[in-house]
Every structure is written in C-alpha cells, then in structure tokens.
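Here is a friendly walk through a few local features of this protein. Keep the sequence and the 3D view open as you read.

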Amino acid sequence: MSDPTLDGLNTCGCGQETPEERANRPGLPAIRYRLGTYGTFMTQLVAQITRQTIPGGPTLQALKTRQLDDGAIALLDAWAIVADVLTFYQERIANENYLRTATERRSVLELARAIGYELNPGVAASTYLAFTVAATPGSPEVVTIPQGVQVLSIPGQGELPQTFETTQAFTARPEWNSLRPRLTQPQDLAFKGDQLYLWTADADLAPLLADAKAINSSELHFLGALPQPVPAQVTALPIQKIYLAGTRKTLKVGQRILFVGSKPNGSTGTLIQAIQRVTQQPADDLTLVEFALVPKRIPPLLSLVSFFFLPTIVPTAIAFNTQQITKTVLAKPIREQTLQALFTLNRWSPKAFVAEAAKPPPPSPPPGNQGVFIFEQPVNCFGHNAPRYETLPKPAESRGSDPYPASWDSGAGRTVWQNSQGYSYSALANHGLDLYLERTLPEISLNSWVLLENSDGKQQTFQVEGTGETSLVDYGISGKSTGLKLRKAIATDDSQSTDFRVRRTTVYAQSERLTLAALPIESPLEEIDLTVSSAPVGMQSLELETLVIGFQIGQSVLIQGKRSDAPQVTATEAAVLAEIVHEGTNTTLHFQNRLQYRYLRDSVVLYGNTIA
C-alpha cells in the first residue's frame, strides 16, 4: 500500500511538485496571481530530473549532482529566474485590471474608458495673490500685469518655496491697493417731542440704521437742511448719544445741550438733554456724548434682497464741474458700465472725475439758529440769595419810608421777571430788560440761547435780544449784574411764565454751537437673510468708504478682517464681483455669492489688485 503522506513528493523526496495555492478572499488591496516564485520553480525543475515523463523514454537518473556550479543545474537555475520574473509581472498586470487594486493612473484611465468615461485633467495648487502698485508721483495710473508672472511662496521650516503663476493678464491701479468699507455716515439729527432721532432719506444708508422706523417728515423737527423735494417719510432711529468733532475736554456731566430744529412748514422747536457721560476718542478725534447710561445692543442688518433696481442714465453731454457731476451723475445710483460710457462720450479723464467728485461741497451757511448748542455758564437770578424778608430790620422813622413794604417771600416768591416789590423789569423806566443775573457775564452775545429751568424740571428756551450791565440795589443786597432782554423761541410759549421763581430757577447761558462729526457705523459686516434663516450671515454687498472706479464684473477681490463671531481670528476670502454701483462719493460692490464669514467693520481691508 502507498503512504498518503508521501503524495506530491518525488521518488527522491525532494519536495512539492504542484503549484502554490492562489485563492483570494474578497476586499483585499492586492490579489495573488503568481504560479510560483524562484524557490518553488527551482524545486520543481530539480524534481523533474529523476522523473520519467514519457513511458519508456530516457531519464536523467544518472545525474546525481545538485550543485549550482554544475552546468545542468545552472541551466535550471536560469530558467527558474526567468519564470520568477515573468510571474511577477503577470501578477502586476492582473492587479492593474481591477479598480481596487490598480496602482497606475494609466490603468484607472483605461478602466474608465472601458465604460465610456474620460478622466478630467489634473489641477495644480492655486491661490489668490494681491499686488501692491506704487503710488509715487510720476508713476502710471494703470499697470498691466501679464499672464504667467511667477511668484515664489515663502516656505515654512523644512519646506521648499513653490512657484505660482498668474492665470491671466489684468490691470492694477494704485487706488485699489487697500480699500476700506464705509465706516461713517452723516449725523443728520431730528427730534419729535422729547426723543432724538438719527434720520436718513438715503436708501443705501437706511439698512445701516438698525431698529429704525419710517416717520412722517411733517412730525419731525430737523436740525439741518432737508433734501429737496422733501420726502413724505424718512427712516429714523431713536438715539441717546451724539458724536462731536474734536476732543472737547471741557464738557462735563450734567451740562445741558440744546437742540434747535424746524419742521418742513418752518415752525421752530427745541429739545433739551442733560449729559450723562462724556467719552474722549483721541484716535478718531471724536467726543462721544451720551444722554443715557444704558448700553444699546447693535442688531445685525436686515437684508431681503441682494440687488435693487437701478435706473439707467442715458449718457449725454455734461459740463465737467463739481455741481454738474454731483447733480447729474452722482445724485442717484449709477452702474460702472454706465459711468464708463459717460467717460467715453464726454471725453472725461477717470482720474480727474474722481478728484472732482471727491471735492468737499462748499460750506453751507448755518441754518439760521438751528443746530446743537452747549450752555457754558449756569447762573442764578439776582435776588436768589436775598435774606428772608422777615429777618430785615425795620427802618427808623427818621430815615424815611420803608423801601421794601412788600414781602418778596410771600406766596411762591417773586418771578424772575420781577423785582423785589413785584414790578416787572421790562416795564420799569430806564430798564427795558426782562431779567437780571446774579453777576456779570460779558461773554453772553446777541442771538445766543438761554435756558430757564426751575426746581420742578420745567424748562423754557429764549434767544438773547439785548444785554446790559448795571449795579442793582434790591432784595436788601447790591451788586453788579447783567440784564437780558429775551425773545421766546417758540411762538406758542408764554414769554414770561410764572413757573420761574427767583429762588428756584437756574439760568443756563452763554451758548456755544457744537460741531457734529460724521457718525461711526458700529454694526458689523453681517446681515439677516430671511429667505434662508433668522441667524446672521455674511454680506453679499460691501459699500466702500470712497468712490472707486474701473472695477469689472467677474473680477476677483480679496477681503480680510477679524471675524465678528471670533474677534481673535483673522479670516481672508476671495469674492467675485457681480455688480458695481456708485452713488455720491461711495461705491458699492455686489458679489456673486455671500461672504463666507462675518466681519468687524473697522478691521476689514479689501484688496482690489487681486488675481488667481
């Protein structure tokens, strides 16, 4: 009987003669496909020496050596090497025929072509580059940067610099180097009753006034000139603070500020506010005056539409001067394409146009007595410190009659319009003045403002129509005094109200006009798109601080700034222009897509000389 354990062995017991097992389980990253390796092939060839493959045929049983330096064994060794090489590449070819195990791009390409799919070409690394163009005198206004300009990256530690090339030619301008979003807006003030408002009739600025509402113009007293024709409604935001130009270190808490305005029908009104806090902002050359200590939250802007309808201005011949440019071209929104058509038709220089449009308008005369005023001097009326009438000694009969027969403390006391005996100052001979102050104030000028305020909080404003200095002897005291002739500010007011008593009234005088500053826009660059969600999202447009011309639709720009949701993080992103609109001295850029991030407005810089 044969021994089953010897199956597969040759007669000399040299080893296995059958090929290796080639079973492959699913999911392997490579398949086994080789018939054998050099070792298995050499073993099998040596084993065949003693085996009679043809019945009755010759054998090599007489070949007893197995040394590699023998000629016959060396020949078998060479063929084992050939078989090893062939099966190695056979297995590699088999692996390249399957998508999971293929390692060559050409193999994947051919496999994809077998089902009719063609691979896209490979894409190199890409980025955006912002160029800075020199703005020195004599340098060109426009610089053309050709396609293929090479720029080396700055490598990190252990890295090599990488070469990038501009994808296409483009024009760069010095004024595009670094642009800022709009940071200020006009501080147009109005009031209704005892509420102060910031108002605008500008459709572009209206969304910047968060929590604003529409108010009929006829209900408001405006502190400045109204646009003509007067709009039926304006967008108004209730405010409790104002910004003044310069750093005014003399302002103090408790000082009264007077707002004087008029309605469109010409009627005058006044509003008094007491300063609650003064904050100097030297970096911006501003002074913040607050009338309430409760901080106000700044909600994000509301956006319902991304673009608005723009009327097309038909290019016509226009005289090149500031008045015509402002009135005809920049009074309403105008697209960049239309503006360029105007340049061509009128043969205007774009640089000269920007310079002319940026000229400040001639200073307009102060609107009568309207504006914002601060009272520098709080004083009392003459007689406020008089002794109680009952404490006066009775005059001796030898000295004549009693000069003060009537008590000035009877009832509520004398009004500021009366002397100690109840006679009106304005009715007395050689007077003609309405009231007298406790001391002289030569700084009070004609047409300046005066505020009377009693201990109950009642207030009334007047304008100074005349002044005079005299020595008064009354109320049992004497002293130098400045007298005032007053003109009531509001026609319906009582010119000499009995609410103002000598001992209970403070006179705020020596008014000085305050200069309002451009109002900083505090809202971040974010908005709410109700078509998406109620959460704030990135902007899809950006109004610039200046007028910038020359941008093209489809042009890329870089935006960099601190994120409003993470102020310690500086983000940078590219945006593609979808529309460019000019109005006044500002340009608004509309983007094809919404910005990815929300930014702190005063940290944002826009780089216009950008190319991929």
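Strand β22 (residues 459-474) pairs with β23 in the antiparallel sense, and twelve bridges hold that pairing in this predicted model. If you want a spot to find on screen, look for G468, which stands opposite G483 in β23. The two strands form a hairpin with two residues between them, and there Y475 takes a positive phi near 55°.

β23, which covers residues 477-488, has another partner as well: two bridges join it to β20, and these two strands run antiparallel. Here L435 is the residue to pick out, since it stands opposite L484 in β23.

Which loop holds N419? This residue lies between β19 (371-380) and β20 (435-436). Is N419 buried or exposed? Its relative accessible area is 11%, and because buried means under 20%, N419 counts as buried. The side chain of N419 also makes polar contacts with the backbone. One goes to the backbone nitrogen of Q421 at 3.0 Å, and another goes to the backbone nitrogen of Y423 at 2.9 Å.

Now move to a separate part of the fold, an open sheet of three strands in the order β12-β16-β15, with antiparallel pairing. Its edge strands are β12 (241-245) and β15 (277-281), each of which pairs on one side only. On average, neighbouring strands of this sheet are turned by 20° against each other, direction ignored. β15 and β16 (residues 286-290) are joined by five bridges in the antiparallel sense. Within that pairing, V278 has V289 in β16 as its bridge partner. As you click along a strand, it may help to remember that in a regular strand the side chains alternate between the two faces of the sheet.

The loop between β15 and β16 contains D285. The phi of D285 is near 55°, a positive value in a residue other than glycine. A similar note applies to N447, in the loop between β20 and β21 (449-454): its phi is near 70°, again positive in a residue other than glycine.

How accessible are these loop residues? The table sets out D285 and N447 with their values.

| Residue | Loop | Phi | Relative accessible area |
|---|---|---|---|
| D285 | between β15 and β16 | near 55° | 44%, partly exposed |
| N447 | between β20 and β21 | near 70° | 43%, partly exposed |

Both labels follow from the cut-offs: partly exposed lies between buried, under 20%, and exposed, over 50%, so 44% for D285 and 43% for N447 fall in that range.

Last, turn the model to look at its surface. Which residues make the nonpolar surface patch? Y38, I81, V85, F88 and Y89 do, and the patch measures about 440 Å². Helix α2 (residues 71-96) gives the largest share, with four residues. I81 is a handy one to start from: it lies in helix α2 and has a relative accessible area of 41%, so it is partly exposed. That value also explains why I81 can belong to the patch, because patches are made of residues with over 30% relative accessible area and no salt bridge.

Key
Residues are numbered from 1 along each chain as its sequence is written. This is a predicted model: local features need pLDDT of at least 70, side-chain atom pairs count only at pLDDT 80 or more; totals for chains, interfaces and linings use all residues. Side-chain values use heavy atoms; hydrogens and water are left out. Patches are made of residues with over 30% relative accessible area and no salt bridge: like charges are joined within 9 Å, nonpolar side chains (Val, Leu, Ile, Met, Phe, Trp, Tyr) within 5 Å. Accessible areas come from the Shrake-Rupley method with a 1.4 Å probe; for residues, only the protein chains shown count as cover. A salt bridge is a side-chain nitrogen of Lys or Arg within 4 Å of a carboxyl oxygen of Asp or Glu. Buried means under 20% relative accessible area, exposed over 50%, partly exposed in between (1.4 Å probe, protein chains only). Two strands pair if DSSP finds at least two bridges between them. Axes are lines fitted to C-alpha atoms, for helices over the stretch in contact, and angles run from 0 to 180 degrees between N-to-C directions. A polar contact is a pair of N or O atoms within 3.5 Å; within protein, one must be able to donate a hydrogen and the other to accept it, and residues adjacent in sequence count only if both atoms are side-chain atoms.
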